[in-house]
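Got the model open in your viewer? Let's walk through it one selection at a time.

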Amino acid sequence: MRFKWIAGITLAAMAVGDFAQAQNSAPVSKYDYHDAFAPMFYTKNGSEFRAADGQPGPKYWQNRADYQLSARLNDKTDEVIGSEVLTYTNNSPQKLDFLWMQLDQNLFKQNSRGTAIIPTSGSRNGSRGDLSKYGYTIKSVKVGNTDVKFLIDDSRMQIFLPQGVNANGGQVKLSIEYSYIVPQYGSDRTGILNTKNGKIYTVAQWYPRMYVYDDILGWNALPYTGPGEFYLEYGDFDLNITAPANHIVVASGELQNPQDVYTPEQVKRWEQAAGSEQTVMIRKADEVTSAASRPAGKKELTWRFKIKNARDASWASSASFIVDAAKMELPSGKKSMAISAYPVESDGNNAWGRSTEYVKKSVEYNSSKWFEYPYPAATAVAGVVGGMEYPGIVFCSAKAKKGDLWGVNDHEFGHTWFPMIVGSNERLYGWMDEGFNTFINTLSTADFNKGEYAPKGKQDVQRAAQYITNPNMETVMSAPDNLKEANTGILLYFKPGMGLTMLREQILGPERFDFAFKTYINRWAFKHPTPDDFFRTMENAAGESLNWFWRGWFVNNWRLDVGVRDVKYVGGDASKGALITLDNLEKMAFPVTLEVKIKSGKVERVKVPVEVWERNNSFVYKFPSTEEIDSVTIDPDKQSPDYNQENNVWKK
């Protein structure tokens, strides 16, 4: 999901210097190096399930959920009538006597917990419209031909299994019949947009979904109240979507029966698009209102899609869709297509007419940089949703244009890597998908079309730090449901994204960081990592103890304030070297960049590594001067999170 945020953090690299002993008479400091560099950062040792170096252990396991899903859309009543066959595989070492499933549509009911906690000032969470008609109707739950007992509590359904599911590979097959009314607006993740040529349905959280049972918490059966997103098992999906014949349906995965749902001419256009680097129109703007642009002779059509090794599936349907597509170039040569579906109102080269170009370039960049895109199609849909991601398909605002459309398409498809490939627990650790994705967006945006939408110049990180390290703010490690909504954009997106940029540019360097980050992605592709798994992998792959950074930026909301107090000379003689006194006045540690301007006008930069704060509140850095110094400036490019700039400059 997307929040607008300040993009384009590019941080300067720094060089190493020599050191001397700290002086006395330092100002009052909050810094405690025992806290910042305490050795026991991790509370648990490695185990047979999760190794100490951050990779899955030799006995790592996770369960699996495969779905056969069928749904019929009634565009007169906005109703989805569905059936589900779920094959659940229990790979855990415990027998499971009951299952938990997510009923996300129940969030939008009048009496839901999520509705109850919406503030009077409003929220992006919850729903709009007639709440009395929203929520699931569960008609039956069966194992084989036998009805089984189930209990619905708010957005959760507990299913009691007479025989249970055996450990180490046992399976159970459930059949569920259900229906619900699509809300006009559902927490900016699903809903209906009215256009001049018909409604656009963006359909998500549309079937009962398995909760994750893992080695960390067992059942992760938290209620869905809106702020937190999703934690889901992987499996294969077989979709059958029946819609009015004048509709076009797009969905997660690959369309299996194009000859049944497109005209012969449109099928030829699909074949052309599959081999084209340039966008090919499948259904043009002037064809949208033409009956000849749809197969004749039927009131309804059934669209069949398949997607493998995914954690979810979603779809969209409308009579108003323009559709275009192009081939994507993936590193292995595997076939995949970029696709866009949007109304006439959103057409044009300043808007959705470039959407497929944006999708193609975003996916291609991240595939070559991090991990290859795993799905046969990447489809962007214009609708009422501002921005939301699902495997192989994303929903973005029909009003988005130019850089905003690039930004939302790039962000939502960036979620392919986090959390679609790296399946972290979004409900507890939203920063592990939103923040990581925000970070990779800075690189893909800088790359796209030679920086067409890249920010001009470097961001002032010091100024940003005044806000994002405000002592009244929660920590990055806070669960989304445990954050003030006004702080969500900062703590899930911007601050962790900035943290990774600083780690890459100022602490590890791009080469070490990129290797460690790719190692994390490859280790945990299609698995369920925790924050510890990420922290441990980055440290082990980069060969660097980073507990001081994790503590200050992620676990705590510590501030950084390093000041330059004084400059003296060895023996009072400038030709023998300068002694620059630095003070760490707040709780966070960080490397220090110094810009030294000497009397002759020459300017030099040096890096004081973070280890000077490992046993000091104040430190004297010996600079090899041969003449007097005119000024010393801390972080002249303003690329460290030093929130207080008043003590950053010393002048003669």
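Start by colouring the chain of this predicted model by domain: domain 1 is 34-57 plus 451-554, domain 2 is 61-233, domain 3 is 262-402 and domain 4 is 561-651.

Now hide everything but domain 1 and domain 3. Their C-alpha centres sit 33 Å apart, and the contact draws on 10 residues from domain 1 and nine residues from domain 3. Put a surface on the pair: about 860 Å² is buried between domain 1 and domain 3, with carbon and sulfur atoms giving 62% of that. Next, pick Tyr453, Lys518 and Phe526 in domain 1; these lose the most area to domain 3, together 54% of what that side buries.

Which polar links cross here? The rule finds two salt bridges across the interface of domain 1 and domain 3, and four residue pairs in polar contact. On the domain 1 side, H11 supplies the largest share of what touches domain 3, five residues.

So select H11, residues 510-523. Its 14 residues should span 20 Å at 1.5 Å a residue, and the end C-alpha atoms are indeed 20 Å apart, so the two agree. Show side chains for Phe513, Asp514, Ala516, Phe517, Thr519, Tyr520, Ile521 and Arg523: in H11 these are buried. What do they pack against? Bring up H5 (355-369), H7 (416-421), H8 (431-447), H10 (488-508) and H12 (531-542), and you have the helices that the buried residues of H11 pack against.

Last stop: zoom in on Asp514, buried in H11. The Asp514 side chain meets that of Lys369 in a salt bridge, 2.9 Å from N to O.

How values were computed. Residues are numbered from 1 along each chain as its sequence is written. This is a predicted model: local features need pLDDT of at least 70, side-chain atom pairs count only at pLDDT 80 or more; totals for chains, interfaces and linings use all residues. Side-chain values use heavy atoms; hydrogens and water are left out. Helices (H or I, at least four residues) and strands (E, at least two) are DSSP runs, numbered from the N terminus. The expected span of a helix is 1.5 Å times one less than its number of residues. Buried means under 20% relative accessible area, exposed over 50%, partly exposed in between (1.4 Å probe, protein chains only). Contact means heavy atoms within 4.5 Å. Domain bounds come from an automatic or database domain assignment. Buried area is the accessible area (1.4 Å probe) that two parts lose on being put together, summed over both. A salt bridge is a side-chain nitrogen of Lys or Arg within 4 Å of a carboxyl oxygen of Asp or Glu. A polar contact is a pair of N or O atoms within 3.5 Å; within protein, one must be able to donate a hydrogen and the other to accept it, and residues adjacent in sequence count only if both atoms are side-chain atoms.
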